[in-house]
Amino acid sequence: MSRTSSDTQLDKVQIKSASVYNIHGLSGSQHSLSVPPIHKDVVGYRGSNEFILTDDKQSTMDQIKAIGPWARRKCKNMCRRKILYKRVPVLNWLPKYNMDDAVGDLVAGITVGLTVIPQALAYSSIAGLPAAYGLYGSFIGCFVYILLGSCKDVPMGPTAIASLLTFQACDGVWQRAVLLCFLTGLIELLMGLFGLGFLIDFVSGPVSSGFTSAVSLIILSSQVKDLLGIAAKGNTFIEQWSSIIDDIHNTQVGDALMGFICIVVLLLMRLLPRIKVGPPDACDQSVAQKIINKSLWLIGTARNAIIVVVCGGIGAAFYENGKEPFRMIGDVPSGLPSVQAPPFSVPEVRDANGTIVQEYESFGDLLQGLGSMLIVIPLIALLENIAICKAFADGKPVDATQELIAIGVSNIANSFVQGYPGTGALSRGAVNNASGVRTPFGGLYTGLLVILALLFFTPYFFYIPRAALAAIIIAAVIFMIEVRVVKPMWRSKKTDLIPGIATFIACLALPLEYGILVGIGLNILFILYHAARPKIHMDQAVTPCGVKYLMLTPDRCLIFPSVDYVRNLINKHGLKSQIPVVIDCTHIYGADFTAAQVIDTLIKDFKSRNQLLLFLNLKPSVGNVFEGADLEYRVFYDFEQLDKAIQECRRKSIPA
């Protein structure tokens with residue numbers, strides 16, 4: 001309670017006592033609060049049994065009995081129309097769907113589809129899987145997200161980061177990847193149902209930037225082998241480059257030449273949408289100028305698809321009777337994947353000589369192998385998805401819980417068509433938004449385009465050079481390295497660079513799950529240190545009668561890491577001044593039992609040296625904690641009465 005509390009707040013608090021103390025609320029009305037006398041000559045509130053703040057507390061048995069009605073209310077609320085519309089967002093926008101929406105979604109869906117197909121082929125190589133698995137995970141999720149997704153700009157499918165995490169967890173075994181997709185979706189769905197979307201709040205901006213930048217370098221490094229046409233392997237950045245250096249003497253000139261040319265062309269094509277012919281305002285442009293500008297935008301946006309088609313044509317033209325001028329992605333199974341339950345074990349595989357190529361793994365073995373990735377991948381998937389939602393939210397709130405449900409169900413559905421974990425990709429989200437998408441229905445056309453590719457174009461995918469796909473990935477991920485955040489972070493708060501740089505280095509040197517844990521752990525340490533070292537503002541005040549006293553104002557809650565530090569500071573200032581001390585509790589909105597014990601020791605410290613210690617503006621919640629610990633303390637809510645108490649105690653030398 002503070003002296004500026006509203007009437008409603010004051011009416012809720014009952015204070016058991018014998019005398020009356022008047023407090024003026026904001027409206028100017030007076031509220032009578034019963035208070036006990038601290039001393040026959042000293043006014044104020046006294047702690048312990050004489051002063052009890054009550055707020056309709058219930059006994060433990062009453063609280064247990066209330067669980068049943070609470071559960072019934074929750075179940076009833078879940079069946080309300082409002083909740084249904086919130087958890088199935090398609091019900092909100094579908095009744096208002098019109099022709100303009102349909103045209104916008106059609107254009108955006110096809111444009112994103114032209115981006116998804118080459119990316120899916122490329123990302124599957126990052127995941128260490130055959131090219132078809134990237135396409136398998138790129139259509140069912142689009143359809144599911146139409147029903148459950150809350151953001152129009154999110155295109156579900158494989159992403160570079162999710163692909164790399166899948167590779168580190170599954171090591172190229174497709175059964176593990178499909179099972180990981182199912183379990184990831186299940187965990188995301190459960191997190192959504194239990195409202196655990198707040199967990200991403202523990203991943204700060206610097207940690208996220210450090211992680212993304214490190215992952216981008218690792219992905220780039222993983223594609224160098226295809227760019228140069230050599231054999232290299234490794235999970236971490238150091239392992240990959242060590243392997244690349246060992247085999248760099250086997251570089252294939254044709255692959256390297258095509259790869260570097262593709263990177264340069266892709267970077268130049270990326271600039272095409274920025275070129276504007278004619279006046280800047282579209283309304284002032286002629287028809288020809290509008291056509292040219294739209295064509296430049298479409299060529300720049302569909303650059304990945306154009307590179308794949310052109311390089312695939314070159315690969316087919318130079319292919320002669322099994323002689324490949326470049327390393328190609330090879331056969332891609334034609335047709336849609338069979339719908340089946342995800343595999344819960346990995347069968348034993350032997351070669352023609354009977355040698356075991358792949359050992360049998362039970363479900364328990366698979367779970368043990370996936371380990372912490374079952375938590376890391378859902379969190380990273382949510383981070384990627386929420387980044388898109390926030391980027392194009394236009395000030396609207398983002399429902400992390402609903403996004404968890406949407407991507408969770410999408411991944412569960414993907415696992416039944418042999419897809420691996422996916423989420424929304426920021427690059428495709430930007431294309432979706434720039435293409436004029438109006439609703440999540442644009443995902444329908446993206447998914448249909450992927451299905452058409454699987455049905456009719458897979459024979460032609462054979463001729464696509466791996467160097468071209470590597471160039472597509474490298475040209476995309478170099479812009480994910482977040483160098484631009486370093487300068488503003490340095491200007492804003494230099495210490496934020498520490499967890500960011502630590503995450504970056506740890507992710508390069510260690511497996512990714514350990515790297516991000518290092519960053520989160522450092523962030524938590526910074527938070528705990530900040531909580532353990534509150535600032536205390538000190539003022540020397542004088543009562544109207546000339547009695548000096550010290551006013552100490554802590555700037556945050558009293559919790560166990562900070563109370564000993566606060567006690568030492570207050571004792572230090574008290575011993576140095578040897579005058580009455582008042583602790584202004586205006587900013588103390590919470591306390592715990594450890595804090596109450598230490599405050600009790602502090603009160604005894606002051607009492608042992610006959611020095612006055614008083615409290616000002618103690619909140620009811622904090623008072624409840626102090627009362628539970630049987631503290632003997634004095635609290636005031638008015639400076640006039642505080643001054644009077646200090647003067648009386650000083651005059652009569654009343655011990656604290």
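This is a short walk through a few helices, a strand and some individual residues of the structure above. Keep in mind as you look that the model is predicted.

Let's start with a pair of helices. Two packed helices are described by the angle between their axes and the distance between the axes. For helix 11 (residues 205–228) and helix 23 (residues 497–509), the angle is about 30° and the axes are 7 Å apart. Angles under 35 degrees count as roughly parallel, and helix 11 and helix 23 are therefore roughly parallel to each other. Their crossing is right-handed. On the side of helix 11, the contact involves Pro206, Val207, Gly210, Phe211, Ser213, Ala214, Leu217 and Ile218. Helix 23 contributes Pro499, Gly500, Thr503, Phe504, Cys507 and Leu508. What kinds of residues make up this contact of helix 11 with helix 23? There are 10 nonpolar and four polar residues, and no charged ones.

Now move along the chain to helix 26, which covers residues 593–608. Its 16 residues reach 23 Å from the first C-alpha to the last, close to the 22 Å expected at 1.5 Å a residue. Several of its residues are buried, among them Ala595, Val598, Ile599, Leu602, Ile603 and Phe606. Asp600 and Asp605 also belong to the buried residues of helix 26. And what covers them? The cover includes helix 25 (563–577), strand 12 (581–584), strand 13 (613–616) and helix 27 (620–628).

After helix 26 comes Asn610, found in the loop that leads to strand 13. Asn610 is not a glycine, yet its phi is positive, at about 55°. Is Asn610 buried or exposed? With a relative accessible area of 58%, Asn610 is exposed, because the exposed class begins over 50%.

Gln418 also has a positive phi without being a glycine, with a value near 65°. You can find Gln418 in the loop between helix 18 (400–415) and strand 9 (423–424). Its relative accessible area is 12%, and since buried means under 20%, Gln418 counts as buried.

Finally, follow the loop after Asn610 into strand 13, where Leu616 lies. Leu616 has 0% relative accessibility, so this residue counts as buried. Which residues is Leu616 in contact with, leaving aside its neighbours within four places in sequence? They include Met551, Val582, Ile583, Phe636, Tyr637, Phe639 and Leu642. Val582 shows how the chain brings together separate parts of the sequence: Leu616 and Val582 are 34 residues apart along the chain, and their C-alpha atoms are separated by 6.8 Å.

Note on methods: Residues numbered from 1 in each chain as written. Predicted model: local features only at pLDDT ≥ 70, side-chain atom pairs only at ≥ 80, totals over all residues. Heavy atoms only, no water. Axes fitted to C-alpha atoms, helices over the stretch in contact; angles between N-to-C directions. Helix = DSSP H or I, 4+ residues; strand = E, 2+ residues; numbered from the N terminus. Parallel < 35°, antiparallel > 145°, perpendicular 65-115°, else oblique. Left-handed = near helix turned anticlockwise from the far one by under 90°. Contact = heavy atoms within 4.5 Å. Nonpolar A, V, L, I, M, F, W, Y, C, P; charged D, E, K, R; others polar. Expected span 1.5 Å × (residues − 1). Buried < 20%, exposed > 50% of the residue type's maximum accessible area, 1.4 Å probe, protein only.
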